[in-house]
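Notebook open. I want to look at how two of the chains meet, then check on the cysteines.

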Amino acid sequence: MLKILKIGTSWQNLWQSEEFRSDVRHELWRNIVVPVLAIIFALGVGALILSATGYNVVKAYGALWQGVFGSKVNVGEAFLRSTPLILIGTGIALAFRCGFWNIGAEGQFYAGAAAGTYVALTFANLPPWAGIPIALLVGFFTGAIWGALAGLLKVKFCLNEVVTTIMLNYIAIGLVGYLVTGPMQEAMRENPQTDEIVRSFVIGRIFPTSRVHYGFIIAVVVAIIATIVLFRTPLGYSMRAVGYNPDAAKHAGINVASSMATAAFLSGGTAGLAGAIEVLGVTGRLFENLSPGYGFEGIAVSLLVNNHPLATIVSGLLFGALGAGSQVMQLNAKVPAVLTFIIQGLIIAFIISFRYLDKNPSGK
Amino acid sequence: MERKSYKLWVLVAALVIISMVLAQCAPAATPAPQQPTEKKFKVGLLHPSPITDAWSGIAYQALKRIEAELGAEIANVEIKSPAEREKGFIDFASQGYDLVIGHDFAMQDAAEKVSKDFPNTFFTTTGGSKFTDNYAPIDLIPGYKQALYAVGVMAGNITKTKKAVAFTMELPATKIPLEGFQAGFNSIPGNSCSMVILKDGNDVGAAKEAALQAIADGADILIANANIAGTGVLQAVAENEGKVWGIGTIGDQTSLAPKGVLVSATLNVSEALFSIAKAVKEGTMKGGQVRVFTVNDPGVYDFVYNPETADLVTDEMKALLQDTLNKIKSGEIKVE
Amino acid sequence: MELVGSLLQAALRMATPLIYAAIGETYNERAGLLNLGIEGLMLIGALTAYTIAFFYQSILLGVLGAAVVAGLFGLLFAFATVTLKANQVIIGTALNLIGLGMTSYVHRMLFNTLAGSAGNVQVLPTLRVPVLKDIPIIGPALFEQNLLVYLALLLTPIAGFVLYKTSLGLALRAVGEHPKATATAGLSVTRLRYGAMVFAAMMAGIGGAYLPVAHANTFVENMVAGRGFIALAIVVFSRWNPVNVLWASLLFGFTFALQFRLQIVNLRVAYQFLQILPYVVTLLAMVVLRGQTAQPKALAVPYTEQV
């Protein structure tokens with residue numbers, strides 16, 4: 001963050017230093033202005049596409065705005081949608097900061113969802129105060145193991161994690177497909193889904209009027225913890241050092257392999273937790289296509305804020321709101337929902353281009 | 001210096017975009033929520049895939065028919081993830097829609113939950129076993145399974161190699177009806193029909209390859225009920241004309257293999273959904289039940305023959321199919 | 001034996017789009033660029049080829065158009081990653097999102113028909129080589145295919161030759177290993193990487209084009225169905241060697257075809273295990289072959305010219 005911020009310097013002195021002010025300006029530009037600009041540009045291109053294909057831009061974006069801020073239900077919906085994105089984004093931020101290119105959050109999400117569902121279905125008699133935490137923890141660790149697998153393959157066998165995590169995605173999704181048609185299929189044996197989890201395992205809603213549940217609070221807490229770990233602990237320091245320059249980190253006596261494996265483990269864990277929360281808080285069952293691509297959206301969520309775990313709360317909310325709003329936009333302005341994919345892709349592309357136009361490669 | 005100018009340029013561009021949008025906004029500043037003088041009948045549809053594909057396409061056709069014949073105001077929303085289902089129902093119901101159709105068995109939990117909060121809206125889903133006072137799922141599968149059983153019996157008498165292959169996906173709506181076909185085909189001694197599960201309902205190429213493998217294995221009757229991927233199977237049939245025959249599903253698929261399709265067993269979802277909408281409009285629709293459709297429901301299940309293959313599907317064969325169907329209707333043959 | 005023959009024939013047909021995409025990506029990675037967006041590029045190629053073939057009744061024009069349009073997107077990718085030095089993993093992810101969103105959106109705008117059967121195109125005809133096609137086992141696989149399959153077969157040795165035996169290939173390999181030394185030797189890192197990326201994108205476009213005009217006869221949203229990611233795996237699996245790409249792609253194609261055949265003969269194994277088999281095999285093969293890793297040293301590392 002701010003490079004010259006030292007303990008004991010008074011704020012007044014600081015503000016008088018030109019270096020500090022330029023630093024602040026730079027941070028502001030990088031972390032606030034650039035994301036906002038990228039969103040404006042992406043929406044601008046989206047508007048061009050809309051009007052070129054015969055839609056009323058004002059009506060479409062008006063419906064989008066309504067879909068996000070139009071009612072308490074809609075606002076709550078944005079929070080609900082952001083929950084898995086914040087969790088996955090946080091994990092991806094940890095992994096990317098350490099130079100571990102985890103493309104496998106999708107598979108880790110499924111691993112956690114399957115494990116969480118298994119606990120909820122098997123130990124249905126547990127009281128909520130014990131059952132839900134156990135299910136979430138098991139979800140976390142299953143996802144973490146799935147992530148650590150790719151981490152181990154990387155540090156032990158030097159296998160490129162981009163490829164191994166993609167393979168592990170397909171394997172996890174295939175296995176869930178097997179579970180919901182085989183050993184974990186509903187008692188009726190009709191649909192490819194598990195039975196519904198019992199009421200005591202359902203994560204409660206924060207407000208009675210909207211669907212947002214306590215999983216959102218968990219996501220926020222996880223993002224805060226991840227930030228503290230990353231910036232305030234020796235582990236976080238080594239992870240960042242490895243990501244910045246593995247050779248230098250090695251020379252400085254940091255255990256590169258263990259830092260990277262830990263990053264992979266934690267990253268998979270948050271994705272697994274997201275999966276377990278999605279089942280316990282939203283769907284109540286495990287399905288083969290539980291995720292519409294959260295693992296890939298999570299990458300965007302993390303990158304939008306320069307892989308800063310705390311800020312994934314903001315970007316996660318933005319993407320959650322885009323998703324929730326686009327659903328209403330579809331209903332009220334008849335715009336195909338796939339437009340959101342285009343806008344999301346453009347946001348990433350613009351933000352990255354602006355950031356690098358800035359010619360400041362300091363952040364990894 | 002260089003950095004400054006780039007920032008300036010970007011900011012100016014952003015301003016231009018904002019002002020352009022605002023300029024467009026100005027005349028239409030207050031789009032007052034228009035209150036129609038009389039309340040219109042409103043029907044909403046939630047579908048799990050794009051309306052360009054077969055499964056969601058048939059529901060959309062039904063919706064269009066409801067618009068045309070019942071004068072309803074319609075809207076449709078594509079549901080991309082399980083998290084969106086409940087909100088989809090809430091959105092429609094809170095805007096005063098009279099009927100909301102969820103075109104997916106997996107939407108039943110959401111429909112059940114939301115129906116309790118919106119007693120003035122009627123809910124239905126294609127598939128499902130739960131119900132409430134204002135939610136009744138429709139189940140088209142039993143009737144389609146019966147219809148395909150009858151087709152299976154006929155195909156079992158036409159086959160020369162005694163082998164058929166059915167292509168489907170791991171979804172009850174697609175798989176269970178084909179189990180009917182399988183049972184009908186295998187009811188002729190010496191016949192064997194195997195089932196291939198395709199992973200992806202969009203992957204036409206993979207489905208075609210699967211069909212070519214079936215042909216290489218000696219099957220001469222192919223049937224697919226696998227969303228849009230199923231067209232790949234009939235494409236393989238078309239490329240092996242005179243050697244292999246196909247059976248159309250859901251709609252009339254003769255055009256995909258003009259000389260290869262023996263018969264298309266159509267499922268008129270449109271008719272079923274239309275009848276529900278009509279009942280809701282007239283106030284005669286009853287909740288608290290699963291509306292099960294069987295071959296006894298007129299107009300829902302039908303058979304479209306292909307004149308090009310009349311030498312194989314003789315009148316005798318058509319009579320056999322009809323006879324089987326009658327036996328199912330009378331309960332003499334049980335398809336379960 | 002006929003069984004093996006038909007499996008081989010199917011394997012080659014299913015391998016063809018993978019061969020194109022993976023050959024392109026091999027060159028790309030050899031030059032130091034990692035493109036995760038192959039899936040998106042293939043979709044763009046597929047829609048372009050289909051649209052042109054549908055409106056102008058020319059498959060060849062469609063395939064060329066697919067290469068050109070995908071190449072333009074490759075140019076954008078190169079601009080973002082080489083000139084702007086943006087992170088390649090990220091831009092690739094964005095490319096996938098845009099590819100899926102854009103093709104689905106445009107497809108709905110252009111072909112607002114209901115069922116998929118409405119917009120069929122004539123597929124590329126099968127060219128049968130007389131006599132040779134009757135060779136047992138390998139005959140149908142090698143001599144009873146369409147033009148794009150033959151070209152894919154020719155492409156691999158040519159790509160291998162260019163990469164290992166020409167100065168252009170030497171320059172490409174050098175730029176992925178030691179960009180600084182390459183620049184010192186008077187070659188333009190930027191130009192070589194732009195070239196590699198555009199070539200890779202065009203190949204991905206052709207690979208995608210194969211699906212709607214030479215394999216199936218229609219375009220379906222998201223019809224690439226993960227082949228772009230498999231192509232990425234193939235590049236690593238074949239250790240960045242274009243000739244190995246052929247074998248690796250064939251192995252994937254073969255397991256796909258085998259998987260169907262096993263279901264047809266009613267093998268009592270949960271079909272999901274058959275479907276994940278290719279991915280498990282890749283992982284295991286990567287572990288077994290790990291000692292001989294040949295990953296370009298400067299892969300995914302942006303190059304900054306020293307001033």
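I looked for salt bridges between chain C and chain A first, taking a side-chain nitrogen of Lys or Arg within 4 Å of a carboxyl oxygen of Asp or Glu. The rule finds 0 across that interface. This is a predicted model, where local features need pLDDT of at least 70, side-chain atom pairs count only at pLDDT 80 or more, and totals for chains, interfaces and linings use all residues. Side-chain values use heavy atoms, with hydrogens and water left out, residues are numbered from 1 along each chain as its sequence is written, and chains are lettered from A in the order in which they are written.

Next I checked polar contacts (N or O atoms within 3.5 Å; within protein, one able to donate a hydrogen and the other to accept it, and residues adjacent in sequence counting only if both atoms are side-chain atoms). I got 4 residue pairs between chain C and chain A, both residues at pLDDT 80 or more.

Which element gives the most to the side of chain C that touches chain A? I found α4(C) there, with 14 residues. That side of chain C divides into 27 nonpolar, 8 polar and 3 charged residues, with Ala, Val, Leu, Ile, Met, Phe, Trp, Tyr, Cys and Pro as nonpolar, Asp, Glu, Lys and Arg as charged, and the others, Gly among them, as polar.

Cysteines last. I counted 0 disulfides over all chains, a disulfide being two cysteine sulfur atoms within 2.5 Å. For Cys98(A), the closest cysteine sulfur is in Cys158(A), 15 Å away, so that is too far for a bond.

Technical notes:
Helix = DSSP H or I, 4+ residues; strand = E, 2+ residues; numbered from the N terminus.
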